[in-house]
Amino acid sequence: MTTPPEIAEALAQAIAAAAEVRGTTSPNPAVGAAILDSAGAIVGVGATQPPGGPHAEVMALADAGARAQGGTAVVTLEPCNHTGRTGPCSQALFDAGIQRVFYAQADPFPAAAGGAEFLALKGVEVHFLDVKIPTLQPWLNAVKSERPNVTLKFASTLDGFAAATDGSSQWITGAAARAFVHEDRSRRDAIIVGTGTALADNPSLTARSGDRLYPRQPRRVVVGKREIGAGNLQRLGFEQYPGIPEALKALWEEGCRDVLIEGGPTLAAAALRMDVVDNIQAYVAPALLGAGRSILNWPQETSISEIMRFETSAVQQLDNDVLIEMQRKGL
Ligand SMILES: NC(=O)c1ccc[n+]([C@@H]2O[C@H](COP(=O)([O-])OP(=O)(O)OC[C@H]3O[C@@H](n4cnc5c(N)ncnc54)[C@H](OP(=O)(O)O)[C@@H]3O)[C@@H](O)[C@H]2O)c1
């Protein structure tokens with residue numbers, strides 16, 4: 001079935017609403033919803049509130065009020081069918097008199113799935129749109145793999161170096177790319193670095209806009225066995241785990257679904273070898289060093305048969321730099 005234009009427009013508004021709340025909903029997904037009245041006009045839009053608050057469908061229904069009666073709901077994720085901290089969204093849609101539901105992605109979470117089936121059994125017309133929603137991808141992958149989705153982020157020269165051979169380094173990318181990194185950090189559940197980076201750079205790992213901290217800060221995690229200074233750890237609110245599996249397990253159990261590994265090169269290579277990297281954000285500066293310290297500290301010889309290939313999902317220019325976003329094949 002070709003998607004009617006008013007449904008496509010409602011989905012675009014639902015996606016935009018979901019993007020606004022990305023990073024505020026874990027362990028729940030950031031979902032967006034739009035309600036059309038019986039004449040096809042968009043009369044309500046909503047997105048998932050922080051845990052314990054209403055889900056997207058309930059927000060959109062509240063926005064629409066009585067105009068939802070006989071109308072259509074367009075949702076980025078299949079309406080949930082279980083009672084957790086809030087009631088099932090499938091029931092809320094039915095109770096509001098919604099007659100058609102379009103959803104972009106199915107819910108793989110066994111406890112919540114089944115909303116589409118529930119609605120269909122109640123006589124509601126249900127359509128699966130099968131549209132990939134980038135802001136939902138980390139959550140979907142986390143739920144399927146039962147660990148947080150991992151994005152590896154690095155900044156490099158065009159020839160793949162993070163620093164010069166003598167170790168001297170300064171910001172490789174410009175102000176626009178760095179501002180983008182900070183906004184992105186504010187949307188993640190946790191940021192992870194190795195003890196090497198913690199000791200060398202003493203980073204704050206906060207999400208800032210100029211001198212101002214973003215209202216929402218990610219958890220700050222250091223991985224490795226070396227002591228990085230209890231005083232410093234406590235002062236900055238860092239958590240430390242001996243290895244990547246321990247960190248991912250603890251973060252998953254505490255509700256993190258979307259985490260960023262920010263290096264350095266030894267930890268980045270370890271995460272790739274463990275096959276836990278789902279996405280890559282490569283901030284590439286139009287600059288060359290000729291020789292230098294690679295973005296990956298790879299411990300052994302390689303053969304072309306071992307090449308790790310990813311799929312490009314987005315490319316954008318940030319002033320003079322380029323951000324290439326990639327994901328593992330099949331995600
Ligand atoms: N350009 C960029 O994007 C970027 C980003 C971040 C950092 N950097 C630079 O990178 C440099 C630091 O990098 P680095 O490579 O020395 O250190 P690193 O990658 O930050 O940390 C390495 C440490 O990670 C720990 N680790 C935990 N699990 C591991 C595993 N499975 N395999 C290997 N290590 C594991 C080990 O800690 P223990 O030895 O304590 O057990 C290891 O020594 C700094 O100069 C920093 O400025 C650049």
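Trainee: How many ångströms long is the polar contact that joins the side chains of E239 and R219?
Mentor: First, this is a predicted model: local features need pLDDT of at least 70, side-chain atom pairs count only at pLDDT 80 or more, and totals for chains, interfaces and linings use all residues. Residues are numbered from 1 along each chain as its sequence is written, and side-chain values use heavy atoms, leaving out hydrogens and water. A polar contact is a pair of N or O atoms within 3.5 Å; within protein, one must be able to donate a hydrogen and the other to accept it, and residues adjacent in sequence count only if both atoms are side-chain atoms. The side chains of E239 and R219 make such a pair at 2.9 Å.

Trainee: Is E239 buried or exposed?
Mentor: E239 belongs to strand 12, residues 238–241 (helices, H or I with at least four residues, and strands, E with at least two, are DSSP runs numbered from the N terminus). Buried means under 20% relative accessible area, exposed over 50% and partly exposed in between, with a 1.4 Å probe and protein chains only. E239 has 18% relative accessibility, so E239 counts as buried.

Trainee: And which class does A120 fall into?
Mentor: Look for A120 in helix 4, residues 115–121. Its C-alpha atom is separated by 9.9 Å from that of Q99, 21 residues apart along the chain. The relative accessibility of A120 is 44%, so A120 counts as partly exposed.

Trainee: How many of the nine residues of helix 5 are buried?
Mentor: Helix 5 spans residues 137–145, and its buried residues include W139, L140 and V143. Helix 5 is largely enclosed by the rest of the structure, because its buried residues number seven.

Trainee: Which residue with a positive phi follows helix 5?
Mentor: Go just past the end of helix 5 and check the backbone angle there. The phi is near 55 degrees, and the residue is E146.

Trainee: Now the ligand! Which side chain has an N or O atom 2.5 Å from an oxygen atom of the ligand?
Mentor: The ligand is surrounded by 22 residues, and the closest include D201, K225 and R226. An oxygen atom of the ligand is 2.6 Å from a side-chain N or O atom of T197, and one is 2.9 Å from a polar backbone atom of G264. The 2.5 Å distance belongs to the side chain of T266.

Trainee: Which helix gives the largest share of the shell around the ligand?
Mentor: Strand 6 (149–157), helix 7 (195–201) and helix 10 (265–273) each give two or more residues to this shell. The largest share is five residues, and they come from helix 7.

Definitions and conventions:
A residue is near a molecule or strand if one of its heavy atoms lies within 4 Å of it.
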